Amino acid sequence: MAEMRGDTPIDISEDRSKGLLNDVERGLYDFIDEEREEDFYKVDEGLTEEIVRQISQEKHDPDWMLEFRLKSLRIYNELKVPNWGPPIDGLDMARIVTYVRSKTDMKASWEELPEDIKNAFEKLGIPQAEREQLAGVGAQYDSELVYHNVRKDVEEQGVVYTDMESALTGKYADMVREHFMKLVPPTDHKFAALHGAVWSGGSFVYVPPGTKVDIPLQSYFRLNAPGAGQFEHTLIIVDEGSDVHFIEGCSAPKYNVANLHAGCVELFVGKNAHLRYSTIENWSKNMYNLNTKRAICEEGGTIEWISGSFGSHESYLYPTSVLKGDGSHAEFTGITFAGKGQNLDTGARMVHLGKNTSSFIDTKSICKSGGISTYRSSVEIRKTAEGAKASVNCGSLMLDSISRSDTVPAMDIRTDKADVGHEAKIGRISDDAVFYMMSRGISEAEARAMIVSGFANPVSKELPLEYAAEMNNLIKLEMEMG
Amino acid sequence: MEIRKKVNHLPVLTWNKLDFNEATLSADVTFAQKDYRKETELPEGMRLAGELDRAAFVKWSKEHGCETVPEAIVAGKFPMYAPEQFQTGMGAEIDDLLNDAGVKTLLYEVDGKIGTPVKFTYDYYEDAAAMESVLIHVKAGAEVTLIQYFDGLEGTKGFVGSSTRVYLEKGAKMHLIKAQMLPKDFIFFDDLGVKQQAEAEFTFTQLELGSRKAYLGACFDQIGEASVLRADLGYIGMPESFLDYNYVDTFRGKKSVGVMRFHGVLFDHAEKVSRETLDFRQYCTDAEGDEEEDILVLGDDIINKANPMILGEEEKVSGHHAVSIGKLSPEMLFYMQSRGIDEAKAQELMVRARIMEVAARIPDEEIYRQAGYYVDRAYCNRTDCNGLCK
Amino acid sequence: MAETILEIKDLSAGIAQEDGGEILHHIDLTVGSGETHVLMGHNGAGKSTLGNVIMGSPVYKVNSGKIFFDGEDITELSVDARAKKGIFLSFQNPLEVPGLSLEAFLRNAIREKTGKPVKIFQFKKRMEEVLKLLDMDPSYVERDLNVGFSGGEKKKAEIFQLLMLEPKLAILDETDSGLDVDAVRTVSKGIEIFQKNGGTLLIITHSTRILDSLTVDHTHVLVDGKIVAQGDGSLVNEINEGGYSKYIK
């Protein structure tokens, strides 16, 4: 127990990512594409009713949505900034541009995209990814989706995957209205309210009953404009007995001004349905990532969260699972890597309402070079959740003593007919393990990187191959940076 | 006087809506200038060295290196409550309360190795409202076992508060025992702050069996190298009772070791809020912290909240905590039943085991026996009592 | 033929959870009072399941068939009621209870069984006798139930409980596995005493070390949840030499 070793330090996915491991450069994520003023539409900095109306108009919102935005703005103005998380004094809302849109329409064909946007995504490997193994891709650039494509066979299954704007007015308008910010109401917290006021972009997915989508749907978000905010809304409804995997990736270049991401993800998992939601977040290190993700499961439904947090200056991220239906199930597998200048506050929340519901949390936190990583969670078992089972397992790996790692796991259990187990550990890389590996001819730096990758293995093994490779890249990158 | 104090602050805040960040001690009482502690003859090697008012106490703390230094709080990184002199588990507002009520701190000095336990028995034989504050200074190499036993006459009611601070010099050893078996209409608080210099060993055994409402706070500051802490809390949450506690073990010295164990039972309609923190400060290299909470829940209308935290500022440490909450496991029940013990009896045996495990750490026949009776009574008050316990 | 004490009729059972699958198929087994039966079979044959089902473990459920003890149908009876009737199962991994001494545990079990307060003096004397018979250290009974016991100590403690509780039928589940010579001696001695006092034994084992000093009346061979062969004590030796291969199709 004293020290932590990677379970399988040798399995550092060498075979998975041989090529990628060798030529990692931070530049891959930090490239800045100069946006030419005349090609982009922006609202003024800050947040006023005027700006909210302007966004609504620009987006051709239905009336109810304008009302919703204005109501959210009022709530935003009333709510206080959280007193418990990383300090967000550095974030000056008066200086955040809430809406930036390229003056290009959404394209379904990659070739039609403007060169600069295309280049940005090409560098991130988005279209290749799609060609190789994705059922559908949406790519958001700043505030709006610029590219959207769904594979024909998936479309023929009746799966709807579209941008939120089209969904608001299209065939599924009623369904969207019925679900939009019902799971995460604007009253939830200040940044949910902000989201409600200025949200833009994001995806809508509907999987009809009894449909199994074999290949993942993917969304990629990139925030390219300096001093901008991204507020995409993701709404996924998986109907009875269906099964789907959704992947989101996020990145942004680094500027000297703060950027803000306050997205919102709402997932509705129907009876006996199954949804896996994977995220690799690598926002640049000036990003305030105040993201809200929540899922609700009906009877027998399953939500699985896979979450890798590498980027951002500060993060508040706690995907929540509401286990409403009897026998519903949630799993959260997450890794957070806080390096220099980062304060990442991540975790999960599980709310058990239905009988015989179960939840598992398995997280790993790594901190280094003065980074602060906080694991924060709550497991709530209500009186109605007879037969509930919950288990939490969190490990923290500290790579030096100028960093900080905290574990703050709350539990609130209100029935005796529940089994709850919790285990947490904090430790460092074992000198013995490093020595052992070095004795076999591996350099110390390499050995340490391998151990960290091994520690992260429970998460990476849950990811599709190329995302696992990307994650290992990120770990290696973080390990190399001072 | 009306008491409304914010106590048991979570060292690092979390979501306000979970209602964990602090507790409120509230009561409306009139304190009588009356001493309910039975006369105890102090053994050789221990003496009452003075009565300190607040200013004198602060002065004493500074002189003895027990003042709150910047590195002793999670400085500036997180929103924090106001730090106090000689930090305790319940926090600064308890000192305010004692000061407002005119309670002075009794300073005891221990400079010998005292073999037999010193026992302070507090007997509330009538409706009572009383508080006491003691400061125990154990000199280098000295040893003492102090038992504080709170008992009362069944049917009386009241408010009882105990504030204890312990300063252990290098190599000093102390076993502090607090056993609370007050009648059910009492409100009780117990606030503890401990400073441990190098190689000092502190053992803390707390048994919480009585009172309708209890607030417990304990803050162990392991300043010195190779200091050792062992803390055990055993409690029974009777129906309609409320228990709120905050245990913090702060590791500052190299190779300091801390072990905390919590064994609890919650009957139906009981509420418990617990905060347990292992706090590893920078430079506490090779420190080891281990904490376990094991709660047996016996009723479907209960509130059981736990927040076991690990805070880490130093990489070269090892910290572990584990929580298990639930009913009697099916495996255990099967084992018991296979020896002819039915479910109700098996449950009682498990309740008894949890309490007696802690009671067995107390070197005092009377308390051990009383703890057993207490479990008997807990079952006697219940409908399934077969009268055997009488 | 001795009077029948345990009779299993056409018993099929499996894991209690849904889709747990069936482990035992149509078992018939009759055990006479005072007899010693050995149930053999390779790992996973269902031997432990049978012992647990006779005791009424909630992990398993009976799909069909009946279990009779002392002429009474106990198939639906609760675990503690079976124990009170005189069935004892030794556990492979007895559970640990910090804070509850072995002595206190036994005292409670005996009080539950007899429904009368235990006479402390008699009880203590009996404990001393049994400890002596088994050549066990008296401090044993003061220790918390199974807490910090080594594998061997746990098995010895189970045999100690067997002699203290004096059941009619003892089902010993792999009681001899993983024991050092000393523990085997204690366990064997305990079983011998129990047998000599007229106790009925159902010994579940895949090795036979412990049987050397015992007279075995009947042997049953379990393969894939079915009893495939039955015989007298000599079958034990046969299996020792030839293994189970001839019974596996």
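This is a guided tour of a predicted complex, moving from its confidence scores to the contacts between chains and then into chain C.

**Before selecting anything**

The predictor assigns the complex an ipTM of 0.88 and a pTM of 0.84. If you colour chain C by confidence, its mean pLDDT is 87, and 96% of its residues reach 70 or more. Among the elements of that chain, helix H7(C), residues 234-242, has the lowest mean pLDDT, at 79, whereas strand S5(C), residues 72-73, has the highest, at 95.

**Chains A and B**

Select chains A and B together, and look at the contact between them, to which chain A gives 38 residues and chain B gives 40. On the chain A side, the elements that supply two or more residues are the strands S21 (372-381), S22 (388-398), S23 (404-413) and S24 (418-427). The residues on this side of chain A divide into 14 nonpolar, ten polar and 14 charged.

Now narrow the selection to S23(A) and to strand S18(B), residues 303-312, which run antiparallel and are joined by six bridges. To find one of the pairs, centre on Asp406(A), whose bridge partner in S18(B) is Leu311(B).

**Chains B and C**

Next, hide chain A and show chain C beside chain B, where 19 residues of chain B are in contact with 22 residues of chain C. Two helices of chain B, H3 (330-337) and H4 (343-359), are the elements that give two or more residues to the side touching chain C, and H4(B) gives the most, with eight residues. That side of chain B is made up of nine nonpolar, three polar and seven charged residues.

**Two helices within chain B**

Keep H4(B) selected and add helix H5(B), residues 365-380; the axes of the two helices come within 10 Å and cross at roughly 160°. Because the angle is over 145 degrees, H4(B) counts as roughly antiparallel to H5(B). The crossing of H4(B) and H5(B) is right-handed.

To see what lies between them, display the side chains of Glu348(B), Val351(B), Arg352(B), Ile355(B), Met356(B) and Ala359(B) in H4(B), which meet Ile367(B), Tyr368(B), Ala371(B), Gly372(B), Val375(B) and Tyr379(B) in H5(B). The residues of this contact divide into nine nonpolar, one polar and two charged.

**The six-stranded sheet of chain C**

Turn to chain C alone and trace an open sheet of six strands in the order S6-S9-S10-S3-S11-S12, with mixed pairing. Its edge strands, each pairing on one side only, are S6(C), residues 87-90, and S12(C), residues 226-231. Neighbouring strands of the sheet are turned by 15° against each other on average, if direction is ignored.

Within this sheet, select S3(C), residues 36-40, and S10(C), residues 200-205, which pair in the parallel sense over five bridges; Leu39(C) stands opposite Ile204(C) in S10(C). Then add helix H1(C), residues 47-55, which packs on the sheet and touches S3, S6, S9 (169-173), S10 and S11 (218-223) of chain C, its direction making about 145° with that of S9(C).

**The four-stranded sheet of chain C**

For the last stop, select the four strands that form an open, antiparallel sheet in the order S2-S1-S4-S5 of chain C. The edges here are S2(C), residues 22-32, and S5(C), each of which pairs on one side only. Finish with S4(C), residues 60-69, which is joined to S5(C) by two bridges in an antiparallel arrangement, and zoom in on Phe69(C), whose bridge partner in S5(C) is Glu72(C).

Note on methods:
Residues are numbered from 1 along each chain as its sequence is written. Chains are lettered from A and ligands numbered from 1 in the order in which they are written. This is a predicted model: local features need pLDDT of at least 70, side-chain atom pairs count only at pLDDT 80 or more; totals for chains, interfaces and linings use all residues. Two residues are in contact if their C-beta atoms, placed from the backbone, lie within 7 Å. Ala, Val, Leu, Ile, Met, Phe, Trp, Tyr, Cys and Pro count as nonpolar, Asp, Glu, Lys and Arg as charged, and the others, Gly among them, as polar. Two strands pair if DSSP finds at least two bridges between them. Axes are lines fitted to C-alpha atoms, for helices over the stretch in contact, and angles run from 0 to 180 degrees between N-to-C directions. Angles under 35 degrees count as roughly parallel, over 145 as roughly antiparallel, 65 to 115 as roughly perpendicular and the rest as oblique. A crossing is left-handed if the near helix is turned anticlockwise from the far one by less than a right angle, and right-handed if clockwise. pLDDT is the predictor's confidence in each residue, from 0 to 100.
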